Amino acid sequence: MTIYFEKTYQRSFGTFPLKGQELRDAVRTATEAGYRAFDTAQMYGNEAETGAALKETGLPREDLLITTKVGVENFTEEAFLPSVEASLKALQVDQADVLLLHWPTPGGDIRLSLEQLQKAHDRGLARHIGISNYTAQMMRDAKAIVEAPLVTNQVEFHPLLNQNVLLAAAAETGIPLASYCSVARGEVFKHAIFGEIGAAYGKSAAQVVLRWILQKGVSINTMSTKPANIRANFEVMDFTLSSVDMDRIEEMTKTGYRIVSRDLVPYAPDFD
């Protein structure tokens, strides 16, 4: 089982694209709602502000699960470990709870970045390590390259996109998936089915979507600046979708709506 399903960590608060007071306010509200897992990245440019915001909450360090990600610009032997040390300094921590490679290496040769990730783990800079935006074959290759367990592959995952190939690879490799763009940046709200299902449970469309993801065995990352939404996104553990409703939602994956593609990220891989 992934570390993200321990304690309350299956519900992680994402910090992109927040900065400044907006980030501080959101993090404070999130901790008050119960979040203890927080997600940032070098490329977000907000590690220092995230670290400061978490310090301001006064929560014990051992209660938090902090994930950050190494950007592709630092995937060299010279830059990788210094960049991780800089991230830790910015976050005001001695060790990342989870350190991810934000993307597969542009060009497709993933070995060097994975070897550097292993070094970061071996040197105690990261308690756990993982990957992000990897294809199914890359998951298999990564498992063969890295000695430490890979605790997640963080990918776009929501009910408007079929990710069954990645789910099968997760089962095969033992590398669990984590979701970003969990409500497809609001696209799910254009489809009445989620609200209709939610009405039967006394839950919102967003809560139905997040619960579906969790019941697929995938942890979630959500971000909002609205206190009511921050709390609602956390309050998804007190109901269970029926198998019938799970299947109804599964049908929506045929929509094929993908947000993160080469149009947005030119060095994205050929996704499954």
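The exercises below concern the strands, the nonpolar cores and one annotated span of a predicted model.

Residues are numbered from 1 along each chain as its sequence is written. Local features need pLDDT of at least 70, side-chain atom pairs count only at pLDDT 80 or more, totals for chains, interfaces and linings use all residues, and side-chain values use heavy atoms, without hydrogens and water.

**Exercise 1.** State the strand order of the closed barrel and find the partner of Ser 179 in E8.

Solution. Strands (E, at least two residues) and helices (H or I, at least four) are DSSP runs numbered from the N terminus. Two strands pair if DSSP finds at least two bridges between them. The eight strands run E1-E2-E3-E4-E5-E6-E7-E8, with parallel pairing. From one strand to the next, the twist averages 30 degrees. E7 (residues 177–180) and E8 (residues 219–222) are joined by two bridges. Ser 179 has Ile 220 as its bridge partner in E8.

**Exercise 2.** Describe the largest nonpolar core and the surroundings of Leu 114.

Solution. A nonpolar core is a set of buried Ala, Val, Leu, Ile, Met, Phe, Trp, Tyr and Cys residues joined through side-chain atoms within 4.5 Å; buried means under 20% relative accessible area (1.4 Å probe, protein chains only). The largest core has 77 residues, and Leu 114 is among those with the most contacts inside it. Helix H8 (residues 205–215) supplies the largest share, seven residues. A second, separate core of eight residues includes Ile 3 and Leu 65. Leu 114 touches (heavy atoms within 4.5 Å) residues including Leu 101, Tyr 134 and Val 146, not counting residues up to four places away in sequence.

Technical notes. Axes are lines fitted to C-alpha atoms, for helices over the stretch in contact, and angles run from 0 to 180 degrees between N-to-C directions. Buried means under 20% relative accessible area, exposed over 50%, partly exposed in between (1.4 Å probe, protein chains only).
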